[in-house]
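Colleague: I would be grateful for a close look at the empty spaces in this protein. Please take the enclosed space as the starting point and then turn to the open ones.

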Amino acid sequence: MLEVNDIQTYYGNIKALKGVSVTISEGEIITLIGANGAGKSTTLMSICGIVPPRSGDVTFMGEAITGMKPNEIVQRGIIQVPEGRRIFPFLTVKENLDMGAFLRNDTEEMKKDLEYVYEMFPILAERRNQPGGTLSGGEQQMLAISRALMAKPRLLLLDEPSLGLAPIIVQRIFEVIRKINTESKVTVFLVEQNANLALKIAHRGYVMETGRIILHDTSANLMQNEEMKKAYLGI
Ligand code: ATP
């Protein structure tokens, strides 16, 4: 479904990605694990065109998307939930969800998707008329994921959904990610610092250090890997 081939991405003169390659098949949950500053967010932003790579290429469903504008990439079904959630704090919950569906005109399907997210997160239905900024951190993460679902993603990019949330909320968010993958058939690219959690729901994982992929394997193998245990799993 997605092929990231040897991309190099810069911020001015700083080379943040030094040749990153990742492949994702339709239906998979893939996780990208790494410490602060490893280049995980930059990888996501390179895929969705916000920080375009300077070399290498990205192919989605057989089409080269490198160099396309972010809105063109969104139209193809690659939707990102950014780090820190970035909901619209002064818009209501419902208006935030409408913003997710901004590029769609299939009204009947949109209604069904709205019902689906309200069913998945009843708290959002209860608070539909409340400004997004009044929600708790966990509820805002639910809203950010729901807003992305309203865009009808084929590939969902999630940037550290567990960041700053209580363990019980994180558990709920991860259950929902799995559900979105199995029930709604959305392919998921999950960036996480919490390797233990991410590997539990992902089929395969990539490990990143200072702008490079240093390891990739099935989640089961990564959980048994001695290097992984010491550096990322705290075992
Ligand atoms: P985190 O978990 O902290 O988000 P990350 O793995 O997502 O880390 P990136 O945010 O992709 O890492 O950062 C990769 C490198 O690029 C880091 O060295 C970072 O300092 C640098 N970087 C990121 N954003 C910018 C920017 N806007 N300008 C300059 N350098 C940046």
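How many cavities of 30 Å³ or more does the rule count?

Modeller: The model is a predicted one, and the rule counts one cavity of 30 Å³ or more. The space in this largest cavity comes to about 40 Å³. Its lining includes Ser 46, Ile 47 and Gly 49, together with Pro 52, Pro 53 and Val 58. Ile 65, Thr 66, Gly 67, Met 68 and Ile 73 also belong to the lining of the largest cavity. Sorted by class, these lining residues are seven nonpolar and four polar, with no charged residue present.

The open spaces come next. The largest pocket has a volume of about 870 Å³, and 31 residues line it. Nearest the centre of this pocket lie Val 74, Ile 78, Ile 79, Gln 80 and Arg 147. Several elements each supply at least two lining residues: the helices α1 (40-47), α2 (70-75), α3 (93-100) and α6 (137-149), and the strand β6 (78-81). In contrast to the cavity, whose lining has no charged residues, the largest pocket has eight charged residues in its lining, beside 17 nonpolar and six polar ones.

The second largest pocket has a volume of about 220 Å³. Its lining is formed by Asp 113, Tyr 116, Val 117, Leu 149, Lys 152, Pro 153, Arg 154, Ser 184, Lys 185 and Val 186. Helix α4 (residues 107-120) gives the largest share of this lining, namely three residues. By class, five of the lining residues are nonpolar, one is polar and four are charged.

To place both pockets, one must consider the domains. The chain is divided into domain 1 (1-77 + 153-235) and domain 2 (86-151). In the contact between them, 16 residues come from domain 1 and twelve residues from domain 2. The centres of the two domains, taken over C-alpha atoms, are 23 Å apart. The size of an interface is often given as the accessible area lost when the parts come together. Between domain 1 and domain 2, the buried area is about 1200 Å², and carbon and sulfur atoms give 77% of it. The rule finds zero salt bridges across this interface.

Both domains take part in the pockets. The lining of the largest pocket draws at least three residues from each of domain 1 and domain 2. The lining of the second largest pocket likewise draws at least three residues from each of these domains.

Definitions and conventions:
Residues numbered from 1 in each chain as written. Predicted model: local features only at pLDDT ≥ 70, side-chain atom pairs only at ≥ 80, totals over all residues. Heavy atoms only, no water. 1 Å grid on protein atoms, 1.4 Å probe; cavity = no way out; pocket = protein on both sides within 12 Å on 5 of 7 lines; lining within 4 Å. Points joined across faces, edges and corners; volume = space filled by probe spheres on them. Helix = DSSP H or I, 4+ residues; strand = E, 2+ residues; numbered from the N terminus. Nonpolar A, V, L, I, M, F, W, Y, C, P; charged D, E, K, R; others polar. Domains from an automatic or database assignment. Contact = heavy atoms within 4.5 Å. Buried area = accessible area lost by both parts, 1.4 Å probe. Salt bridge = Lys/Arg side-chain N within 4 Å of Asp/Glu carboxyl O.
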